[in-house]
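User: Could you take a close look at one part of this model for me? I'd like to see how a single spot in the core is packed, and then how that fits into the rest of the chain.

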Amino acid sequence: MIQRIQSIYLALTAICGIILFLVPVFQLVPDITAVDTASYQMSLLSVNSIVNDVSSFQMRFYPLIILNLLAVITSLTTVFLFKKRKLQIKLCGFSTLVQVLLIVLLAYDTEQLRVTIGPAHLLHFNVGAILLILPIIFLRLAGSSIKKDDDLVRSADRLR
């Protein structure tokens, strides 16, 4: 049945992934001692440098885009596999792994950017940083709800 609580959790995971394409995750702001006065705004789609309130495109991280797209598609696909609860549980675990890999890769890319532009930039978290953590929580809740449904069906099958 599509109208279960795990469907809501999985839909919220997909919504967080879609919004994550639109909002910045981190921002590197120059310190007082910084020679480079540009601040760098990092989202999943690109890195933009901001100088005097003018934003310019710097680079794009395709692995981040692919991983987030994979997580969104997996979450949306899992909603419609309601008759295959074991597969749903496995896909929730896979999607959680993809989300963790996305966070690790984003942290690595951010650190590489800090090395490139110099250590005199401070890291500020934006709204996107929260949207990286929320899908993991929603996926864990969905997985536990799917397991409860599976246990309920198995107990009902024993009674027949």
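**A close look at Ala-71**

Analyst: Setting aside neighbours within four places in sequence, Ala-71 touches Ser-95, Val-98 and Gln-99. Bear in mind that this is a predicted model. Ala-71 itself belongs to helix 2, and with a relative accessibility of 2% it counts as buried, because the cut-off for that label is under 20%. There's also a pairing with Leu-102 to look at: Ala-71 and Leu-102 are 31 residues apart in sequence, while their C-alpha atoms are 9.2 Å apart in space.

Now flip the view and start from the other side. Val-98 is found in helix 3, which runs over residues 85–117. Val-98 has a relative accessibility of 5%, so it counts as buried. Again leaving out neighbours within four places in sequence, Val-98 is in contact with Leu-67, Leu-70 and Ala-71. Take Leu-70 from that list: it sits 28 residues from Val-98 in sequence, with 7.8 Å between the two C-alpha atoms.

Next, the two helices themselves. Helix 2 covers residues 62–79, and its 18 residues should span 26 Å at 1.5 Å a residue; the end C-alpha atoms are 26 Å apart, so the two values agree. Helix 3 has 33 residues and reaches 48 Å from first C-alpha to last, close to the expected 48 Å. Right after helix 3, Gly-118 takes a positive phi of about 115 degrees.

Which residues do these helices bury? In helix 2 the buried set is Leu-64, Ile-65, Leu-67, Asn-68, Ala-71, Val-72, Thr-74, Ser-75, Thr-78 and Val-79. In helix 3, the buried residues include Ser-95, Val-98, Gln-99 and Leu-102, along with Cys-92, Leu-106 and Asp-109. That ties back to the starting point: Ser-95, Val-98 and Gln-99 are the contacts of Ala-71, and each of them is on the buried list of helix 3.

A word on the cysteines, since one has just come up. Cys-92 counts as buried because its relative accessibility is 3%. Cys-16 is at 7%, so it counts as buried too. As for disulfides, the count is 0, going by a cut-off of 2.5 Å between cysteine sulfur atoms.

For contrast, here's a bit of the surface. Ile-5, Ile-8, Leu-12, Ile-15 and Ile-19 make up a nonpolar surface patch of about 400 Å². One of them, Ile-8, is found in helix 1, residues 5–20. At 48% relative accessibility, Ile-8 counts as partly exposed, because that label covers values between 20% and 50%.

Finally, zoom out to the whole chain. The protein chain has 4 helices and 5 strands, and along the sequence they follow the pattern α-β-β-β-β-α-α-β-α. Of its 160 residues, 42% are buried. Among contacts with a separation of 6 or more, 67% come from residues 24 or more positions apart; the contact between Val-98 and Leu-70 has a separation of 28 residues. The accessible surface of the protein chain comes to about 9,300 Å², and carbon and sulfur atoms account for 68% of that area.

Key
Residues numbered from 1 in each chain as written. Predicted model: local features only at pLDDT ≥ 70, side-chain atom pairs only at ≥ 80, totals over all residues. Heavy atoms only, no water. Buried < 20%, exposed > 50% of the residue type's maximum accessible area, 1.4 Å probe, protein only. Contact = heavy atoms within 4.5 Å. Expected span 1.5 Å × (residues − 1). Patch = residues over 30% accessible without salt bridge, like charges linked within 9 Å, V, L, I, M, F, W, Y side chains within 5 Å. Areas by Shrake-Rupley, 256 points an atom, 1.4 Å probe, with all protein chains shown as cover. Salt bridge = Lys/Arg side-chain N within 4 Å of Asp/Glu carboxyl O.
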